[in-house]
Amino acid sequence: MPATSHSTTSLFAATIAGSLPKPAWLSETNKLWPKWMAEGDDLAQAKLDATLLWIKAQEDAGLGVIGDGEQSRQHFVHGFLEQVNGIDFEHKVTMGIRNNRYDAQVPQVIAPLTLKGRVHGTEARFLRAHTTRKIKFTMPGPMTIIDTVADKFYGDKKTMAFAFADLLNQEARALEAEGVDIIQFDEPAFNVFMADAATWGVEALERATAGLVCTTAVHICYGYGIKANDDWKDTLGDQWRQYEQVFPALAKSSIDQVSLECYHSHVPPELMKLLEGKDVMVGVIDVASDVIETPEQVADTIGKALQYVRKDKLFPCTNCGLAPMSREVAMAKLAALGAGAALARSRYG
Ligand code: ZN
């Protein structure tokens, strides 16, 4: 791999959307809510061992921005909720999430929400200590959180979303103080509840990022490559225009970067024009297929996106997280992402 600069100031600095598969010694594999394979101190150590493995893999792949691969959380939403007072994890209920696309076992909000303490301090300090490249930390966005937890207390979605936004902001400020360069909120719910997203969803995000001076980002996707999502995508027709409703609101917002799906999706690429002025993390890796992209395919996707996004604003990314995939496939896709970005630098640089 080229040993040139990997800072985000270099062209086409590549990054992952967020999650990576957990090794079989850490948790069950190929599952969205996997059971841990250890407990107590052994589990804490295993999480950090897996994080270190993926930091090295991302560096080896030539990525410019490194994440923790979400190795310390069972699930991208519930990993945050576990550190919040006011949530009953003992009595989970079945709830249809993402507009009833699929059922999930979710905990219930039963009292005012406060943080128990730091949520991701251990992982963030570990990540900062083990790479000199830019680091990104991901958390669920307010609208996606309230779509993944049952409400037995607030009685109003927006009120509960803003209560979560305040907690996210508290954790985000602490992450920034620990040297995190980019804080990203994951909002797949923006592609499901588009009208609410455009009105108060973006406003709740801005509450979560209030006062931050580091780079802020939002990831909006069509979900992991699981059957329920594949079936849903089959109903969306030839043109997926969900982004069209929320991008104008994001363009006007204070959020710096937007992560979107591109490769193998039915998103009309010209919708990227609606994000003028923003950094765009363009999805060049399909997470719904085990077929490994070639560097040429990745560079071609970057080339197509360059019709709509300025090159200094374009960051190649995965379409979504890779958590439910096999470790081998994820490793190969990271390598393709890095090699494709390098090829694009030589083609378009
Ligand atoms: Zn996603």
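This passage walks through the overall fold, the nonpolar core and a few individual residues of a predicted model.

Starting with the whole chain, the protein has 10 helices and 10 strands. Its radius of gyration comes out at 19 Å, close to the 20 Å that the globule rule gives for 349 residues, so the protein is as compact as a globular protein of that length. Taken along the principal axes, the C-alpha atoms fill a box of roughly 55 × 45 × 40 Å. Buried residues account for 48% of the 349 residues. As for the contacts with a separation of 6 or more, 78% of them join residues 24 or more positions apart.

Next comes the core. In soluble globular proteins, nonpolar side chains tend to be buried together. Here the largest nonpolar core holds 105 residues, and the members that touch the most others are Val-280, Val-282 and Leu-337. Helix α10, spanning residues 327-348, is the top contributor to this core, with 10 residues. Once residues up to four places away in sequence are set aside, Leu-337 touches Ala-14, Ala-61, Leu-63, Val-284, Ile-285, Val-298, Pro-316 and Thr-318.

Ile-146 is worth a look too. This residue sits in helix α4, which covers residues 142-146. Ile-146 counts as buried because 28 other C-beta atoms lie within 10 Å, against a cut-off of 20 or more. Leaving out neighbours within four places in sequence, its contacts are Lys-157, Met-160, Ala-161 and Phe-164. Glu-59 is another matter: Ile-146 and Glu-59 are 87 residues apart in sequence, and their C-alpha atoms are 34 Å apart in space.

Two residues turn up with positive phi angles. Phe-12 is not a glycine, yet its phi is positive, at about 55°. Phe-12 belongs to the segment before α1 (40-60), and with 25 C-beta neighbours inside 10 Å it is buried. Arg-98, also a residue other than glycine, has a positive phi near 55°. Its place is the loop between β2 (84-97) and β3 (102-115). With 19 other C-beta atoms within 10 Å, Arg-98 is partly exposed, because a buried residue needs 20 or more. So the two positive phi values fall in different settings: Phe-12 is buried, whereas Arg-98 is partly exposed.

Technical notes
Residues are numbered from 1 along each chain as its sequence is written. This is a predicted model: local features need pLDDT of at least 70, side-chain atom pairs count only at pLDDT 80 or more; totals for chains, interfaces and linings use all residues. Helices (H or I, at least four residues) and strands (E, at least two) are DSSP runs, numbered from the N terminus. A residue is buried if 20 or more other C-beta atoms lie within 10 Å of its own, exposed if 12 or fewer, and partly exposed in between; C-beta atoms are placed from the backbone. A nonpolar core is a set of buried Ala, Val, Leu, Ile, Met, Phe, Trp, Tyr and Cys residues joined through C-beta atoms within 7 Å. Two residues are in contact if their C-beta atoms, placed from the backbone, lie within 7 Å. The radius of gyration is taken over C-alpha atoms; the globule rule is 2.2 Å times the number of residues to the power 0.38.
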